[in-house]
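Biologist: Please take a close look at the strand pairing in this model and at the helices that accompany it. I should like one connected account, taken residue by residue where that is possible.

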Amino acid sequence: MPESPYTVSDVMTHTAVAIGSEAPFKEIVELLDQWKISALPVLAGEGRVVGVVSEADLLAKEEYRDAADGDPTVPAKAGAVSAGELMSTPAITVQANASLAEAARIMARRHLKRLPVVDAVGILQGVVSRSDLLKVFLRDDGDIAQEIRRDVLGQLPVTTPLTVEVAEGVVTLGGSLPARSIVPVVARAVRAVEGVVAIRLDLTHR
């Protein structure tokens, strides 16, 4: 069965706001506020992503504002004044040709809201956010049904076409399959179609 054709490059923001490692603390805060974002890629050289500065990195300064001088429990970021001192490194990134599922897994496991998108050598290509990944669920039900008929069901060894109904992203498949072993294969392929919320199977088999 074919994999979903959608990749990170299809949904990401191609024009990304980024900073250099010498950017001062206040400029970083101003950019986050101006662009209504939660993190900024930090670039070096020709645009290679070397780190990321997030709101969490900046908050250490406020969190430890009343700490005593010389307190060993105060993290270095509390006294940082530039992006190079504040950034989390190495940067967690994703490549533009990665699947949306791969990007979603990285965000979920790392508890991130945004990911810098890079090419094969780490040059910034854009940024993808959680909201970007959710755009696929805005797909029209008719488009989803058409893709399932063409790219999934059209590849099946069946003599009688299966029926496809899509309502609010929920797919209902009906008809008969030549073998029970094909059912999980079909279900997995349909689930891989971007925009599918859930699957209901009304299938018979021999």
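Modeller: L115 has V128 of β6 as its bridge partner. The model in which this pair is found is a predicted one. The pair belongs to the antiparallel ladder between strand β5, residues 114-118, and β6, a ladder made of five bridges. These strands are part of an open sheet of three strands, ordered β4-β5-β6, whose pairing is mixed. The edges are taken by β4 (94-95) and β6 (124-129); each has a single partner strand, so one side of each is left without a neighbour in the sheet. Helix α5, residues 100-110, packs on this sheet and touches β4, β5 and β6. The direction of α5 makes about 135 degrees with that of β5.

The loops beside these elements hold two backbone features that deserve attention. As background, most residues other than glycine have a negative phi, and most peptide bonds are trans. In the loop between α5 and β5 lies H111, whose phi is positive, near 55 degrees, although the residue is not a glycine. On the other side of β4, the loop that connects α4 (83-86) with β4 contains P90. The peptide bond that joins T89 and P90 is cis, with omega at about -5 degrees.

A further open sheet has three strands in the order β1-β2-β3, again with mixed pairing. Its edge strands are β1 (19-20) and β3 (48-54), each of which pairs on one side only. Between β1 and β2 the pairing is parallel and consists of two bridges; here G20 is matched with L43 of β2. Between strand β2, residues 39-44, and β3 the pairing is antiparallel, with six bridges. In this ladder A39 has S54 of β3 as its bridge partner, while A44 stands opposite R48 of β3. The strands β2 and β3 form a hairpin with three residues between them, and within the turn G45 has a positive phi of about 60 degrees.

The helix that accompanies this sheet is α2, which lies across β1, β2 and β3 and runs at about 130 degrees to β2. Helix α2 also packs against another helix. Two packed helices are described by the angle between their axes and the distance between the axes. For α2 (residues 25-35) and α3 (residues 55-63), the axes come within 11 Å and cross at roughly 130 degrees. Angles over 145 degrees count as roughly antiparallel and those from 65 to 115 as roughly perpendicular, so α2 and α3 are oblique to each other. The crossing in which α2 passes α3 is left-handed. On the α2 side the contact is made by F25, I28, V29 and L32, and on the α3 side by E55, L58 and K61. Sorted by class, this contact of α2 with α3 has five nonpolar residues and two charged ones, with no polar residue.

Farther along the chain, strand β7 (residues 163-167) pairs with strand β8 (residues 170-177) in the antiparallel sense, over five bridges. Within this ladder T163 stands opposite G174 of β8. A hairpin is formed by β7 and β8, with two residues between them, and E168 in its turn has a positive phi of about 55 degrees. Strand β8 is also joined to β9, residues 198-205, by eight bridges, and these two strands run parallel. One pair in that ladder is L173 with L201 of β9. The connection from β8 to β9 passes through helix α8, residues 182-191, and the resulting β-α-β crossover is right-handed.

Terms used:
Residues numbered from 1 in each chain as written. Predicted model: local features only at pLDDT ≥ 70, side-chain atom pairs only at ≥ 80, totals over all residues. Heavy atoms only, no water. Pairing = 2+ DSSP bridges. Helix = DSSP H or I, 4+ residues; strand = E, 2+ residues; numbered from the N terminus. Contact = heavy atoms within 4.5 Å. Axes fitted to C-alpha atoms, helices over the stretch in contact; angles between N-to-C directions. Parallel < 35°, antiparallel > 145°, perpendicular 65-115°, else oblique. Left-handed = near helix turned anticlockwise from the far one by under 90°. Nonpolar A, V, L, I, M, F, W, Y, C, P; charged D, E, K, R; others polar. Right-handed = clockwise from strand over helix to strand, strands pointing away.
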